[in-house]
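Reader: I would like a careful, close look at one strand and its surroundings, followed outwards through the contacts that lead away from it. Please state each criterion as it comes up.

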Amino acid sequence: MDRNFVGAALRGRPCSQLKISALLPFLLLFSIVVSAQTTDNYPPGPDSKPQPGVPKGEVIKLSFDKSKIFPGTVRDYWIYVPAQYTADKPACVFVMQDGIRYEAPIVFDNLIHKKEIPITIAISVAPGVVKTADPNVALDRFNRSFEYDGLGDNYARFLLDELLPEVETKKTADGRAIRLSHSGNDRLIGGASSGAIAAFTAAWERPDAFTRVFSSIGTFVDLRGGMRYPSLIRKYEPKPIRIYLQDGLNDHNIYAGDWWMANQTMERAFVFAGYEVEHAWGDGAHTGNQATAIFPDALRWLWKDWPKPVGNGPTKNPTLNDILLPTEGWQLVSEGYRSAEGPAANQRGEVSFVEIGGRKTFKIGLEGKVTQVLADSKRTTGQAFGPDGRLYLVMSGEKKVVAYDSAGKSTVVADGFVGNDIVLAHNGNIYVTNPPADNENAPSKVWLIRPNGEKLVVDTGLKYANGVTLSSDQTLLYVADYRSHWVYSYVIQTDGTLQSKQQYYWLHVPDTGDQSNADGIKVDVNGRLYAATSMGIQVCDQAGRVQCIIPTPNGRVSNITFGGENFDTLFATCGDRVYKRKLKVKGALAWDKPVKPNAPRL
């Protein structure tokens with residue numbers, strides 16, 4: 001072949017000057033050679049190799065077989081302790097899935113020696129295996145995908161409640177006790193492939209325990225639901241997590257999804273939601289080559305500005321921005337209850353709630369003081385104020401709905417069924433949910449109690465009718481089905497009966513459950529629905545779509561209400577605690593006059 005043609009081609013001369021038919025075979029061969037030389041070619045740098053004068057840390061190999069979260073499993077794990085560590089101060093923590101990777105001990109030696117990252121103890125842990133009784137006839141059960149690929153808090157609990165406490169019982173060869181920092185700001189977690197999604201899931205579920213994440217060729221695809229993360233990241237109120245993503249365009253593209261596209265989708269979701277995120281995209285396959293090469297720089301970035309806490313920027317989620325005040329977080333109102341429930345606001349904005357386990361009723365004053373108002377509420381599960389100012393209690397222990405006036409005088413409004421939750425319309429109509437008793441599988445009922453005391457069943461068929469509320473214009477009734485992922489919508493007729501029943505609001509369900517556990521529901525003056533679920537407070541638009549999710553400080557919520565002087569404070573009952581949070585929006589109180597909201601964006 002004429003070398004002038006080759007030179008011309010590589011110098012970018014016009015095609016009219018070249019003999020294209022003669023050149024194409026060479027260009028094809030040239031591209032194959034170049035591709036073979038460059039694809040996934042990432043040689044480690046000096047920080048990944050032993051350097052003279054750098055003290056070496058100690059690596060201790062151990063085994064763990066005491067897990068109750070993953071019963072029957074046995075696994076190896078390794079503890080890296082740097083030479084500079086002294087037991088007088090807890091060390092920062094790095095947790096790596098799938099054992100030791102990325103020449104990590106050497107990298108830690110070098111970076112800690114140069115004081116580019118803090119003194120860090122690294123725990124590298126293998127996935128669990130359930131050993132067979134007879135390996136000659138049966139295989140072990142391999143727990144890797146179960147532990148790593150699924151969403152939920154199981155793996156985080158395994159690390160935090162089982163493995164890391166076990167690590168802190170160990171000592172180095174020279175007798176130094178291993179002490180780990182318990183602050184999430186001092187902890188980094190990482191992994192490759194399924195180990196990467198496991199690392200992110202641990203931080204996502206417990207950002208108080210892990211705030212820094214290294215993800216290499218992460219399996220954010222549909223093996224066990226990981227493809228849901230981009231949507232959840234965009235919807236949840238941002239969490240204090242800093243994440244470094246690595247992947248290559250030749251990564252897996254198989255039945256479960258496209259790793260390369262999934263990782264880019266994750267990165268875009270993080271940017272949208274305001275997270276601190278960095279990425280390294282390459283041309284590699286499903287290997288650790290590029291990750292090993294960039295690991296030192298990734299550590300520097302993940303630990304930058306330490307010990308300054310990890311934060312995040314503003315989210316681009318319009319609903320979160322319309323609802324939340326940037327300077328107002330959750331505040332603890334009170335604690336120590338045996339299942340707080342049934343919050344309801346009166347016309348002054350004072351909030352009443354019940355303690356189901358203690359059978360007491362309390363009131364939160366406008367100044368924040370909590371006082372007991374009923375010593376025995378007869379196992380009340382739900383309550384609401386009416387347009388007449390009375391407090392209506394669903395006393396499931398006595399199969400009654402009872403109203404209390406301001407003087408404490410009680411009146412039985414209805415009886416004969418075990419109710420759960422209640423809402424009172426401005427016109428005096430009362431709706432009460434009646435789920436099956438004692439967790440039976442009988443269909444639920446919804447009762448209408450008219451102002452004249454007449455009661456009738458207006459719906460049946462839900463699995464477990466729970467929270468109930470009205471649309472802000474009071475033309476629709478909403479009922480949460482605790483045992484599904486739906487909130488039902490009904491059109492209210494002029495006589496109070498219901499028509500046009502639909503599974504209307506679609507709710508997110510946790511990976512560890514088969515239902516949303518939707519409990520208390522409320523609406524704001526703009527027509528949004530707020531549902532207390534096991535994944536947090538899911539906020540839906542009028543079209544039935546979850547637009548954002550607001551978690552509570554302790555990860556639990558059973559019921560909510562709008563209260564406070566301007567009804568712009570959201571109160572949440574969360575197990576043994578009650579929290580409140582001031583918002584930009586006001587609640588629509590059912591006892592008040594109906595409010596027509598603006599039409600939703602469809």
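In strand E4, which residues lie on one side and which on the other, and are they buried or exposed?

Author: The model is a predicted one, in which local features need pLDDT of at least 70 and side-chain atom pairs count only at pLDDT 80 or more, while totals for chains, interfaces and linings use all residues. Residues are numbered from 1 along each chain as its sequence is written, and side-chain values use heavy atoms, with hydrogens and water left out.

On one side of E4 lie Thr120, Ala122 and Ser124, on the other Ile121, Ile123 and Val125, and all of these are buried, which leaves both faces covered. Buried here means under 20% relative accessible area, exposed means over 50%, and partly exposed lies in between (1.4 Å probe, protein chains only). Strand E4 spans residues 120-125, and because six of its six residues are buried, the rest of the structure largely encloses it. Strands (E, at least two residues) and helices (H or I, at least four) are DSSP runs, numbered from the N terminus.

The strand has partners in two senses, where two strands pair if DSSP finds at least two bridges between them. With strand E2 (residues 73-81), E4 pairs in the antiparallel sense over four bridges, and with strand E3 (residues 92-97) in the parallel sense over six. Ala122 serves in both pairings, being the bridge partner of Tyr80 and also that of Phe94.

These two partners of Ala122 lead on to the aromatic rings. Tyr80 and Phe94 belong to a cluster linked by ring pairs, together with Tyr102, Phe108, Phe214, Tyr244, Phe295 and Trp301. Rings of Phe, Tyr and Trp (its six-membered ring) pair if their centres lie within 6.5 Å, and planes under 30 degrees apart count as stacked, over 60 as edge-to-face and the rest as tilted. By this rule the model holds 33 aromatic pairs. One of them joins Phe214 and Phe295, whose rings meet edge-to-face at 5.4 Å centre to centre with 65° between the planes. Since Phe214 lies in strand E8 (residues 212-216) and Phe295 in helix H9 (residues 289-302), this pair ties together parts that are 81 residues apart in sequence. Phe214 and Phe295 are both buried.

Another member of the cluster, Trp301, also has a charged neighbour: Arg242 lies over the face of Trp301, at 5.8 Å from the ring centre. A charge sits over a ring if NZ of Lys or CZ of Arg is within 6 Å of the ring centre and within 35 degrees of the ring normal. The charged end of Arg234 is likewise placed over the ring of Phe272, 4.8 Å from its centre.

Helix H9, which carries Phe295, takes part in ionic contacts too. A salt bridge is a side-chain nitrogen of Lys or Arg within 4 Å of a carboxyl oxygen of Asp or Glu, and 32 are counted by this rule. In one of these, the side chains of Asp47 and Arg300 meet at 2.4 Å, N to O. Asp47 lies in the loop between helix H2 (20-38) and strand E1 (58-64), and Arg300 in H9, so the contact ties together parts that are 253 residues apart in sequence. Asp47 counts as buried, at 15% relative accessibility, whereas Arg300, at 22%, counts as partly exposed.

A further salt bridge brings together the side chains of Lys304 and Glu276 (3.8 Å, N to O). Lys304 lies in the loop between H9 and helix H10 (318-323) and Glu276 in strand E12 (residues 276-282), so here the linked parts are 28 residues apart in sequence. Lys304 is partly exposed, with a relative accessible area of 30%.

One more long-range contact, away from H9, joins the side chains of Arg577 and Glu335 (3.6 Å, N to O). Arg577 sits in strand E36 (residues 577-582) and Glu335 in strand E13 (residues 331-335), 242 residues apart. Both ends are partly exposed, Arg577 at 28% relative accessibility and Glu335 at 47%. Returning to Asp47 and Arg300, salt bridges that share partners join these two with Lys114, Glu116 and Asp297 into one network.
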